[in-house]
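Work through these exercises with the model in view. Try each task before reading its solution.

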Amino acid sequence: MTGGKDAMPETIILTGASDGIGAAAARALVASGRELVIVGRSPSKTARIADELGADHFVADYSRLSDVRRLAADLLDRYPRIDVLANNAGGMFRSHEPTEDGHDPTIQLNYLAPFLLTNLLMDRLVSSDARVINTSSGSNLGARLDLAKLDSPARAYSNAKLAVVLFTRELARRGIRSAAFHPGVVATHFSRDLRMHVFYERVLGRFMIPPATGADTLVWLATTQPGVDWVSGEYYYKRQVGRVNRQAEDAGLARLLWDRSSSLLT
């Protein structure tokens, strides 16, 4: 918490908070004394976590961009100050059938929807001198991002997570304090496809870490200060600067990705 003894607690918006590392992070953030606002896809799971923590909550399905726009409007109406926006919602689809908005579902859920929400909240984030924390993945190392084929199903998950890193760096260039992070291989239900979930449990299960461990870097970034504890625009793993895809170092690509993403969402 920042400020003197009479200062209002920081307001943190945490998406993807109804399960997995989001729920674990929510519990840690409430314990730290922040005013937490949680967002989840499942009405029942989101309400259950919110009731447990005494937190405000909103429901939004990122596979519908109309939900993201409604969420942004509700947040702006309700919260005059946003100190931290933690874009944690994400997941993986086996099917690449386009969403109702015409995008690959994995690209939309992991990248385009958080990009849209952040931009819709931008004026409030700027006036609040907010920090934006974006959940990425080590899978960004296997990406091959082609802006002309941003919605391509090929390497959709890794490309989306690389896009998150580039988005984070462009946010920092534009003056928004931001960081991306890799939570590790976490034992969560992040896949909406049963067969993919079974694959992760059976093949990668022995390498998985608990949600609370995966949430640690998110909580650290959300409760500490850039320029003091971490560097704005960087990508972190276990509270240390992590290795990224070579494309992530291309500032020109980051600017072009921002423009391309904006054009897809207008």
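**Exercise 1: One helix and its buried side**

The buried residues of α3 are L65, D67, V68, L71, A72 and L75. Buried means under 20% relative accessible area, exposed over 50%, and partly exposed in between (1.4 Å probe, protein chains only). Helices (H or I, at least four residues) and strands (E, at least two) are DSSP runs, numbered from the N terminus.

This is a predicted model: local features need pLDDT of at least 70, side-chain atom pairs count only at pLDDT 80 or more, and totals for chains, interfaces and linings use all residues. Residues are numbered from 1 along each chain as its sequence is written, and side-chain values use heavy atoms, leaving out hydrogens and water.

Task: Find why the buried residues of α3 lie on the same side, and what covers them.

Solution.
- Step 1. These residues cover an arc of only 145 degrees around the axis, so they sit on the same side of α3. The arc is that of the directions from the helix axis to the C-beta atoms.
- Step 2. Their cover includes β1 (11-14), β2 (35-40), β3, α4 and α5. Contact means heavy atoms within 4.5 Å.

**Exercise 2: The sheet**

Task: State the order of the eight strands in the open sheet. Then explain why β3 and β8 each have one side without a neighbour.

Solution.
- Step 1. The order is β3-β2-β1-β4-β5-β6-β7-β8, with mixed pairing. Two strands pair if DSSP finds at least two bridges between them.
- Step 2. β3 (56-59) and β8 (240-241) are at the edges with a single partner strand each, so one side of each has no neighbour in the sheet.
- Step 3. Strands β4 (residues 84-87) and β5 (residues 131-135) pair in the parallel sense, over four bridges.

**Exercise 3: A residue in β5**

Task: Is R131 buried or exposed? Which residue is its bridge partner?

Solution.
- Step 1. R131 belongs to strand β5.
- Step 2. R131 is buried, at a relative accessible area of 2%.
- Step 3. Its bridge partner is V84.
- Step 4. Leaving aside residues up to four places away in sequence, R131 touches several residues, among them E10, D83, R177 and W230.

**Exercise 4: Positive phi**

Most residues other than glycine have a negative phi.

Task: Where do D129 and R239 lie?

Solution.
- Step 1. D129, not a glycine, has a positive phi of about 50 degrees. D129 is in the loop between α5 (122-127) and β5, and is partly exposed at 47%.
- Step 2. R239, also not a glycine, has a positive phi of about 65 degrees. R239 is in the loop between β7 (235-237) and β8, and is partly exposed at 37%.
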